[in-house]
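Visitor: I'm new to reading protein models, so please walk me through this one step by step.

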Amino acid sequence: MLMDEAEKAAKARRRKHIDRKRYYAKTANLYPTRAWTKEECDQVLAHTIPDSELSAKIQRSVKSIQEERRRLKKKQIEKN
């Protein structure tokens, strides 16, 4: 019985991992690498539209948008 629950949990983790890889793969390597502009950073921090829509708008991968948001927020915290 305990093994069944452990197996279910392991299966759920694998499924989540697969789903996450598929989500990020949609925009991975679609756009060339380039420096972030002030306008793009502002849009990333504003977070007014979903990252998947912002990705198409500014031509950046979803993962890079999320990483840039994390980096910018960390920078803001360090300033204060």
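**Around the helices**

Visitor: Which residues does Ser 55 touch, leaving out those up to four places away in sequence?
Guide: Let's use "touch" for heavy atoms within 4.5 Å. With residues up to four places away in sequence not counted, Ser 55 touches Thr 27, Tyr 31, Arg 60, Ser 61, Val 62 and Ile 65.

Visitor: What kind of model is this?
Guide: Residues are numbered from 1 along each chain as its sequence is written, and side-chain values use heavy atoms, with hydrogens and water left out. Local features need pLDDT of at least 70, side-chain atom pairs count only at pLDDT 80 or more, and totals for chains, interfaces and linings use all residues, since this is a predicted model.

Visitor: Is Ser 55 buried or exposed?
Guide: Ser 55 is found in helix H3 (helices are DSSP runs of H or I with at least four residues, strands are runs of E with at least two, numbered from the N terminus). Buried means under 20% relative accessible area, exposed over 50%, and partly exposed in between, using a 1.4 Å probe and protein chains only. Ser 55 has 1% relative accessibility, so it counts as buried.

Visitor: How far apart are the C-alpha atoms of Leu 54 and Ile 65?
Guide: Leu 54 is in H3 too, and at 2% relative accessibility Leu 54 counts as buried. Not counting residues up to four places away in sequence, Leu 54 touches Gln 43, Val 44, Ile 49, Gln 59 and Ile 65. Leu 54 and Ile 65 are 11 residues apart along the chain, and their C-alpha atoms are separated by 8.3 Å.

Visitor: How is H2 oriented against H3?
Guide: Two packed helices are described by the angle between their axes and the distance between the axes. Here the axes are lines fitted to C-alpha atoms over the stretch in contact, with angles from 0 to 180 degrees between N-to-C directions. The axes of H2 (residues 38-46) and H3 (residues 51-58) come within 11 Å and cross at roughly 170°. Under 35 degrees counts as roughly parallel, over 145 as roughly antiparallel, 65 to 115 as roughly perpendicular and the rest as oblique, so H2 against H3 is roughly antiparallel.

Visitor: And how is H3 oriented against H4?
Guide: The axes of H3 and H4 (residues 62-79) come within 9 Å and cross at roughly 100°. That angle makes the two helices roughly perpendicular.

Visitor: What type of aromatic pair do Tyr 23 and Tyr 24 form?
Guide: Rings of Phe, Tyr and Trp (its six-membered ring) pair if their centres lie within 6.5 Å, with planes under 30 degrees apart called stacked, over 60 edge-to-face and the rest tilted. The whole structure holds 1 aromatic pair. The centres of Tyr 23 and Tyr 24 are 5.3 Å apart and their planes sit at 70°, so the pair is edge-to-face.

Visitor: Which residue lies over the face of Trp 36?
Guide: A charge sits over a ring if NZ of Lys or CZ of Arg is within 6 Å of the ring centre and within 35 degrees of the ring normal. Lys 63 lies over the face of Tyr 24, at 4.9 Å from the ring centre. Over the face of Trp 36, at 4.0 Å from the ring centre, lies Arg 60.

Visitor: What is phi of Asn 29 near?
Guide: Most residues other than glycine have a negative phi. Asn 29 sits in the loop between H1 (2-25) and H2, and at 79% relative accessibility Asn 29 counts as exposed. Its phi is positive, near 60°.
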